[in-house]
Amino acid sequence: MKSHEVLTLIEEITRNDGTKYIEISNMVQNGRAELAAERGFIKQVRILQLNIPHSPHVAKYEQYINEHYTMPDENMDHFEEWKKTPEMQKEVDIILKENHIS
């Protein structure tokens, strides 16, 4: 396992080209996204919902993220978008539906 993050929120990230995507995240990663926006790696990040329930779908996506990604430190020189497999995108879609964001 690369990391052991507990995912607790839903955020919207705006890329520099203006396109947006939704991510299931936590306060640490949200802080890194805010720092990335300040450094110009992304345009903006905003929290859509805090304290999401830890459903089986969140647990499954959380396991995927923890196995494939490491939280960046404050010295980051880019913002890494978490790429999702089709299966993980389905999990995210279900999480959004569970939380009435879709």
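Which residues point one way from E1, and which the other way? Keep that in mind as you open this predicted model.

**Stop 1: strand E1.** Select residues 9-14. Leu9, Glu11 and Ile13 point one way from E1. Ile10, Glu12 and Thr14 point the other way. Both sets are buried. With six of the six residues of E1 buried, the strand is largely enclosed by the rest of the structure.

**Stop 2: strand E2.** Add residues 20-25. E2 runs antiparallel to E1, and six bridges join the two. Find Leu9 and look across: Ser25 of E2 stands opposite. Now go to the turn. E1 and E2 form a hairpin, with five residues between them. Pick Gly18 in that turn and check its phi, which is positive at about 95°.

**Stop 3: strand E3.** Select residues 44-49. E3 also pairs with E1 in the antiparallel sense, here over five bridges. Start from Ile10 in E1; its bridge partner in E3 is Gln49.

**Stop 4: the largest nonpolar core.** This core has 16 residues. Show Leu7, Ile24, Tyr61, Ile65 and Trp82, which have the most contacts inside it. Then color helix H2 (56-68) and helix H3 (86-98), the elements that give two or more residues to this core. Center on Ile65. Leaving aside residues up to four places away in sequence, Ile65 touches Leu7 and Trp82.

**Stop 5: another core.** Apart from the largest core lies another, of nine residues. Select Ile13, Tyr21, Ala33 and Leu35, which are among them. Ile13 takes you back to E1, where Ile13 points the way of Leu9 and Glu11.

Notes:
Residues numbered from 1 in each chain as written. Predicted model: local features only at pLDDT ≥ 70, side-chain atom pairs only at ≥ 80, totals over all residues. Heavy atoms only, no water. Core = buried A, V, L, I, M, F, W, Y, C linked by side-chain atoms within 4.5 Å. Buried < 20%, exposed > 50% of the residue type's maximum accessible area, 1.4 Å probe, protein only. Helix = DSSP H or I, 4+ residues; strand = E, 2+ residues; numbered from the N terminus. Contact = heavy atoms within 4.5 Å. Pairing = 2+ DSSP bridges.
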